[in-house]
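Here are a few exercises to work through with the model open beside you. Try each one before reading its solution.

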Amino acid sequence: MSEDTDTPTIYVQVGGMATFKRLAEAFYTGVEDDPLLRPLYVEETLEAPAERLGLFLAQFFGGPPQYSLQRGHPMLRARHLPFRIGKPERDAWIVHMLAAIDETGIQEPARSEMREYFERASTFLINQ
Ligand code: HEM
């Protein structure tokens, strides 16, 4: 994410791929019981969405490009257009993600950088 060669990427700071997997799993454990968000996911289990989110975030925060190798260009806004995302859905999403960051034990300064990114990205995906 950063061009600054002295600062390790967030991917490295938080402990690499294993941490992003735990983050995505913690996030989807929250979604599983969320009456507003769960119906948006058509798949029976949230395992595949967790895998995709973990790989995407690992790549976004400076890790290997596994997500793009499997899924192509992220195009997140386009990929979210089929789902009704209003302010309530966005707010529910962010509550689960902020909780997942803390459950995963992600420390500062990565914690704040990630929180800010998620606040922005989730607002950008509002489409209703
Ligand atoms: C604003 C609230 C959001 C809602 C309600 C939402 C909902 C969904 C749903 C229903 C899917 C389809 C399940 C799947 O194919 O994986 C999905 C996919 C995905 N979402 Fe979100 N999402 C939100 C925000 C975000 C944000 C902020 C990010 C990233 C920072 C994100 C990243 C992804 C990724 C990477 C996928 C998989 C895309 C693919 O490869 O097909 N989402 N989301």
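**Exercise 1.** Work out which residues Arg 77 is in contact with, leaving aside neighbours within four places in sequence, and decide whether Arg 77 is buried, partly exposed or exposed.

*Solution.* Start by placing the residue: Arg 77 sits in helix 5, residues 76-80. This is a predicted model, by the way. Skip the neighbours within four places in sequence, and Arg 77 is in contact with Phe 124 and Leu 125. Now try Asn 127: that residue is 50 residues away from Arg 77 in sequence, yet their C-alpha atoms are 8.5 Å apart. Last, count neighbours. Arg 77 has 13 C-beta neighbours inside 10 Å. Buried takes 20 or more and exposed takes 12 or fewer, so Arg 77 comes out as partly exposed.

**Exercise 2.** Find the largest nonpolar core and say which helix gives the largest share of this core.

*Solution.* The core to look for has 24 residues. Good anchors are the ones with the most contacts inside the core: Ile 10, Leu 23, Ala 24, Phe 27, Leu 57, Ala 58 and Ile 101. Next, trace the core back to its helices. At least two residues each come from helix 1 (10-14), helix 2 (17-32), helix 3 (47-60), helix 6 (87-103) and helix 7 (110-124). Helix 2 gives the largest share, with six residues. As background, nonpolar side chains tend to be buried together in soluble globular proteins.

**Exercise 3.** Describe how helix 2 packs on helix 3: angle, handedness and contact residues.

*Solution.* Take the axes first: they come within 8 Å and cross at roughly 135°. Antiparallel would need an angle over 145 degrees, so helix 2 is oblique to helix 3. The crossing of these two helices is right-handed. On the helix 2 side, the contact is made by Met 17, Phe 20, Lys 21, Leu 23, Ala 24, Glu 25, Phe 27 and Tyr 28. Helix 3 answers with Pro 49, Ala 50, Leu 53, Gly 54, Leu 57 and Ala 58. Sort them by class and you get 11 nonpolar, one polar and two charged residues.

**Exercise 4.** Do the same kind of analysis for helix 2 and helix 6.

*Solution.* Here too the axes come within 8 Å, crossing at roughly 135°, so helix 2 and helix 6 are oblique to each other. Their crossing is right-handed. Leu 23, Ala 26, Phe 27, Gly 30 and Val 31 of helix 2 meet His 96, Met 97, Ala 99, Ala 100, Ile 101 and Glu 103 of helix 6. By class, that contact has eight nonpolar, two polar and one charged residues.

Notes
Residues are numbered from 1 along each chain as its sequence is written. This is a predicted model: local features need pLDDT of at least 70, side-chain atom pairs count only at pLDDT 80 or more; totals for chains, interfaces and linings use all residues. A nonpolar core is a set of buried Ala, Val, Leu, Ile, Met, Phe, Trp, Tyr and Cys residues joined through C-beta atoms within 7 Å. Helices (H or I, at least four residues) and strands (E, at least two) are DSSP runs, numbered from the N terminus. Axes are lines fitted to C-alpha atoms, for helices over the stretch in contact, and angles run from 0 to 180 degrees between N-to-C directions. Angles under 35 degrees count as roughly parallel, over 145 as roughly antiparallel, 65 to 115 as roughly perpendicular and the rest as oblique. A crossing is left-handed if the near helix is turned anticlockwise from the far one by less than a right angle, and right-handed if clockwise. Two residues are in contact if their C-beta atoms, placed from the backbone, lie within 7 Å. Ala, Val, Leu, Ile, Met, Phe, Trp, Tyr, Cys and Pro count as nonpolar, Asp, Glu, Lys and Arg as charged, and the others, Gly among them, as polar.
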